[in-house]
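Here is a short tutorial conversation between a learner and a teacher. The learner asks how to read features of a protein model, and the teacher replies.

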Amino acid sequence: MTTSMSALQLAEAFRSGAVSPVDAARDALGAIERVDGGINAFCHLDPEATLAAAREAEGRYRDGEPLSPIDGVPTSIKDIFYTRGVPTLRGSRLLADKADAADPAAWPDDAPVTAATLEAGCVVIGKTTTPEFAWKGVTDNTLTGITRNPHDPSLTPGGSSGGAAAAVAAGLGQLALGTDGGGSVRIPAAFCGIVALKPTYGVIPMFPSSPFGTLAHAGPMTRTVADTAAFMDALLRPDPRDWSAVPARATTPGPGGYLASAAEGVRGDRPLEGLRVAYSATLGFGSNDADVEREVTRAVGLLGALGAHVDAVDPPVSDPIDAFHVLWFAGLAAVLAPHGPSAIDRVDPRMREALGRYHDYSAADYLDAVAVRMALGATMADFHQDYDLLVTPTTPIPAFAAGSDVPPGWHSPDWTSWTPYTYPFNMTQQPALSIPCGISDAGLPVGLQLVGARFEDRLAIRAGAALEAALGSAPGAASGGVVPVPRLHADASGGDRP
């Protein structure tokens with residue numbers, strides 16, 4: 001079965017003729033049919049279109065003219081990104097209940113990342129679930145129900161790119177597109193045991209602009225760092241609709257792009273020679289489950305053998321949660337405004353409760369939050385004068401019960417209360433890569449986050465590839481390192497589709 005192969009392994013098999021893109025597409029669609037009823041990762045499928053795209057890719061390989069290193073690879077798109085002819089309902093009945101919601105003509109545009117994915121020859125197998133308007137760190141909504149973790153369907157995959165992460169982790173496509181406004185590719189990557197990158201803001205063009213403004217990033221989600229790198233190379237497609245995007249030439253100096261950086265991370269015995277790394281277990285204000293901190297600390301211990309100099313040090317920052325809430329919930333209120341005053345009564349009840357806690361912000365409140373954000377960015381820029389990378393846990397806890405915004409008995413109803421290490425770097429717009437680094441006492445994936453200075457995305461990729469390889473070969477790697485694709489069965493339960 002091709003479902004257990006990485007994207008680059010699959011593409012190599014396409015080139016050798018061992019398998020074809022049609023084989024891979026059929027395997028992915030078959031796996032979806034068998035197991036997605038238990039995890040609910042997909043909200044839209046079109047098998048005929050998928051197989052037609054796979055046949056086109058098959059022809060390109062037959063002619064020796066693949067479009068990219070990931071041509072023909074099964075790929076999913078989060079149902080936040082516009083996709084021509086396919087509804088983009090963003091997990092909301094406010095959009096699904098519109099009279100023309102199901103009309104292909106009502107969806108005439110591809111988002112920049114959708115267009116780039118298609119131009120790379122990737123075979124789109126479907127759109128993946130999201131909480132309503134991608135507003136929280138788990139994945140459920142009143143339109144498509146609860147999405148579940150392939151490692152244990154009683155647990156959440158995280159969010160808001162939870163459908164994307166669950167799909168990749170379960171072997172339902174090698175590549176996935178997600179969004180990240182406060183941790184939304186990294187949180188589910190950690191919970192599901194996959195790799196995800198939140199690039200520097202502006203490196204990947206976004207259109208239409210997110211209501212969450214410059215907090216929101218697009219990012220690749222895969223099973224390996226090299227796959228993430230190859231997908232990043234494909235996504236660096238300029239698009240004039242995003243006036244804030246950074247030209248690709250400014251972010252990929254030197255030959256080879258991101259994939260070359262991943263290769264540098266596995267070249268030689270000490271590929272991180274001279275790298276200055278700060279390890280902060282808590283950023284100075286968080287707290288971790290003991291097994292999460294154990295696994296991340298163990299992984300950090302491998303960096304020295306790779307040539308890095310590691311200091312245990314916290315950046316001089318305080319928790320910016322209050323400012324983040326102003327920026328986040330002001331954006332969420334703006335999402336609902338065009339739908340009229342009754343919209344609040346038709347959305348996720350927990351969104352309604354959250355907006356009840358965080359509302360009526362003034363312009364002065366917003367500007368104060370922006371000032372906090374700017375100061376945080378300046379502090380982190382100064383911190384990176386001394387350290388090339390900052391390493392933290394991705395999340396302080398493993399996955400918890402599906403259908404809840406927070407763990408049972410948690411001290412706060414806010415999803416941000418258990419994601420202290422992700423949202424600060426949306427505020428600063430820094431690149432942040434999450435890789436699986438171990439297993440909790442309960443057998444659940446644990447994620448490690450590598451944060452670089454702005455525009456040092458390729459450095460994070462290089463270090464991530466080196467650490468991924470070290471984790472895979474270290475003693476005790478069976479209880480740490482890259483988490484294997486779960487073996488799900490057709491009778492897995494709990495998708496909870498309405």
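The dialogue goes through the sheet, a helix pair, the pockets, the cavities and some backbone details.

Q: What kind of model is this, and how are its residues numbered?
A: This is a predicted model, in which local features need pLDDT of at least 70 and side-chain atom pairs count only at pLDDT 80 or more, while totals for chains, interfaces and linings use all residues. Residues are numbered from 1 along each chain as its sequence is written, and side-chain values use heavy atoms, with hydrogens and water left out.

Q: How do I read the sheet, and in what order do its strands stand?
A: Helices (H or I, at least four residues) and strands (E, at least two) are DSSP runs numbered from the N terminus, and two strands pair if DSSP finds at least two bridges between them. Here 11 strands form an open sheet with mixed pairing, in the order E1-E3-E2-E6-E8-E7-E12-E13-E11-E9-E10. Strand E1 (42-44) and strand E10 (309-312) are at the edges with a single partner strand each, so one side of each is left without a neighbour in the sheet. From one strand to the next, the twist averages 30 degrees.

Q: Which way do E7 and E8 run relative to one another, and what packs on the sheet?
A: Strand E7 (residues 195-198) and strand E8 (residues 217-222) run antiparallel and are joined by 2 bridges, with Val-195 opposite Thr-222 in E8. Helix H8 (residues 225-235) packs on the sheet, where it touches strand E2 (74-78), strand E6 (175-180), E7, E8 and strand E12 (432-439), and its direction makes about 140 degrees with that of E8. Contact here means heavy atoms within 4.5 Å.

Q: How is a pair of packed helices described?
A: Two packed helices are described by the angle between their axes and the distance between the axes. Axes are lines fitted to C-alpha atoms, for helices over the stretch in contact, and angles run from 0 to 180 degrees between N-to-C directions. In this model the axes of helix H2 (residues 21-39) and helix H3 (residues 47-62) come within 7 Å and cross at roughly 155 degrees. Angles under 35 degrees count as roughly parallel, over 145 as roughly antiparallel, 65 to 115 as roughly perpendicular and the rest as oblique, and H2 and H3 are therefore roughly antiparallel to each other. Among the residues that make the contact are Pro-21, Val-22 and Leu-29 of H2 and Leu-51, Ala-54 and Tyr-61 of H3.

Q: What separates a cavity from a pocket?
A: On a 1 Å grid over the protein atoms alone, a cavity is a set of points where a 1.4 Å probe fits but cannot get out, whereas a pocket is an open set with protein on both sides within 12 Å along at least five of seven lines, and lining residues have an atom within 4 Å of a point. Grid points are joined across faces, edges and corners, and a volume is the space filled by probe spheres set on the points. The largest pocket holds about 510 Å³ of space, and of the 30 residues that line it, Ile-80, Arg-90, Ser-209, Ser-210 and Pro-211 are the closest to its centre. Helix H11 (321-336) gives the largest share of that lining, 3 residues.

Q: What lines the second largest pocket?
A: The second largest pocket, with a volume of about 360 Å³, is lined by 20 residues, of which Ala-49, Thr-83, Val-86, Leu-118 and Val-124 lie nearest its centre. The largest share of this lining, 5 residues, comes from H3.

Q: How many cavities are there, and what lines the second largest?
A: The count comes to 2 cavities of 30 Å³ or more, and the largest has about 50 Å³ of space. The second largest cavity has about 40 Å³ and is lined by Leu-283, Val-317, Leu-376, Met-380, Pro-424 and Phe-425.

Q: Where are the cis peptide bonds?
A: One cis peptide bond joins Gly-159 and Ser-160, with omega about 5 degrees, and Ser-160 is in the loop between strand E5 (145-146) and helix H6 (162-169). The peptide bond from Phe-207 to Pro-208 is also cis, with omega near -5 degrees, and Pro-208 is in the loop between E7 and E8.
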